[in-house]
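Please study the model shown below and work through the exercises that follow. Each task is followed by a solution in steps.

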Amino acid sequence: MPDDLPCSIEALLRLVLAGGAPAPRRALLARFADPAQALRAGPAAWRAAGCSPHQRALLALPDRDALARGLHWLSQPGRHLLSIETDDYPTLLRPLDPAPLALFVHGDPATLWHPAVAVVGSRTPSPTGAELAAEFAGALARSGLGVVSGLAAGVDARAHQAALDVPGGRTVAVVATGLDLTYPPRHEALQARIAERGAVVSEYPPGTAARPGQFPARNRIVAGLTLGTLVIEAAARSGALITARLAAEIGREVFALPGSVRNPRARGCHRLIRDGAQLVETPAEVVAGLTEAAASLGQALRWRLDAPTEQARSAHASASPFPLPDYQRLWNALDENPTGMDSLIQRSGLTADQLSAMLLIMELDGKVVANHGRYCRKP
């Protein structure tokens with residue numbers, strides 16, 4: 001192990017490299033004070049946490065080449081590995097099921113906490129679609145929002161480039177390979193620019209090549225890191241639609257640009273609009289649709305800074321989960337049965353925008369679960 005890396009980082013990397021079901025490894029991280037203690041606990045503790053025989057074997061004896069490659073990557077400047085059990089892990093990702101056990105980050109991890117919009121769409125957009133991707137992403141960056149996408153060809157790349165062209169613009173690329181690789185390879189220079197100005201993120205360790213199943217998994221992180229997802233041109237069967245669906249399932253806003261009925265790349269957007277996505281024609285409409293959610297995120301983060309310890313949060317929650325009157329009205333409108341937004345509006349008397357913003361905070365605090373646009377108290 002490189003001398004300047006703490007033991008906990010090597011231990012966390014070994015937990016990542018063990019692979020398999022995430023729940024047992026998450027249980028180990030939750031039980032022990034740090035990853036190194038989880039490894040020192042040994043096979044009996046690993047078995048009690050539910051680790052499979054294959055996971056236990058890899059925890060005891062990891063792949064030496066994979067471990068060395070990961071440690072070498074992490075030893076270089078600007079490289080980070082964030083555990084889900086630490087405070088620097090982005091809070092917006094916690095509602096994901098499953099949330100990444102850990103994140104490899106090249107760049108500034110603080111960028112992952114900045115209010116952002118996912119901008120996704122076709123890998124082969126029309127000239128108009130490519131122009132709209134750049135126009136919307138640039139305007140969103142100028143408004144102060146970050147732009148998150150997947151570094152793919154087409155809309156993704158145009159969105160990243162447009163955000164980088166804005167002085168002070170922030171962008172995050174979530175990739176489906178290890179961060180020592182680039183996919184597609186022609187985006188190597190773009191990936192390097194993003195790491196300098198924002199962050200490139202992956203849940204996969206260095207050395208992981210691109211495989212088909214990793215791209216839908218990548219999309220859940222794109223959706224999870226953002227307050228909303230904007231879809232610009234997507235065919236009827238498109239990875240962008242997966243991102244939009246996942247965003248809706250965790251209660252985030254979904255926006256879609258309409259297009260010509262003769263454009264096959266517009267069919268996915270039209271389907272999203274029929275299913276309840278917000279039809280938008282200008283970047284200002286996206287910004288307006290996220291204002292309350294961005295303010296709520298800031299409020300949630302301020303509260304977490306004011307009550308940094310689990311004991312303080314528990315004491316606060318036991319006194320009153322949501323002392324503000326509007327939050328208490330929403331809390332009273334919820335129960336153990338999944339409830340749609342229309343019913344919550346009727347029960348609470350609050351607007352859809354108010355509810356969306358407050359439900360986000362309740363999700364981040366672990367009080368509410370969202371599933372397919374329906375909400376209930378967490379059991």
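**Exercise 1.** How many bridges join strand β1 to β2, and in which sense do the two strands run?

*Solution.* The model is a predicted one, in which local features need pLDDT of at least 70, side-chain atom pairs count only at pLDDT 80 or more, and totals for chains, interfaces and linings use all residues. Residues are numbered from 1 along each chain as its sequence is written, and side-chain values use heavy atoms, with hydrogens and water left out. Strands are DSSP runs of E with at least two residues, helices runs of H or I with at least four, numbered from the N terminus; two strands pair if DSSP finds at least two bridges between them. Strand β1 (residues 79–83) is joined to β2 by five bridges, and the strands run antiparallel. Within this pair, Leu82 faces Leu103 of β2.

**Exercise 2.** Determine the pairing of β2 with β6 and the burial of β2.

*Solution.* Four bridges link β2 to strand β6 (residues 199–202), again in the antiparallel sense. Here His106 lies opposite Val200 of β6. As for burial (under 20% relative accessible area with a 1.4 Å probe, protein chains only), five of the six residues of β2 (residues 102–107) are buried.

**Exercise 3.** Describe how α10 packs on α11.

*Solution.* The axes of α10 (residues 214–224) and α11 (residues 239–249) are 8 Å apart, at an angle of about 50 degrees. Therefore α10 is oblique to α11, oblique being any angle that is not under 35, over 145 or from 65 to 115 degrees. In contact (heavy atoms within 4.5 Å), the residues of α10 include Pro216 and Val222, and those of α11 include Ile242 and Leu246.

How values were computed: Buried < 20%, exposed > 50% of the residue type's maximum accessible area, 1.4 Å probe, protein only. Axes fitted to C-alpha atoms, helices over the stretch in contact; angles between N-to-C directions.
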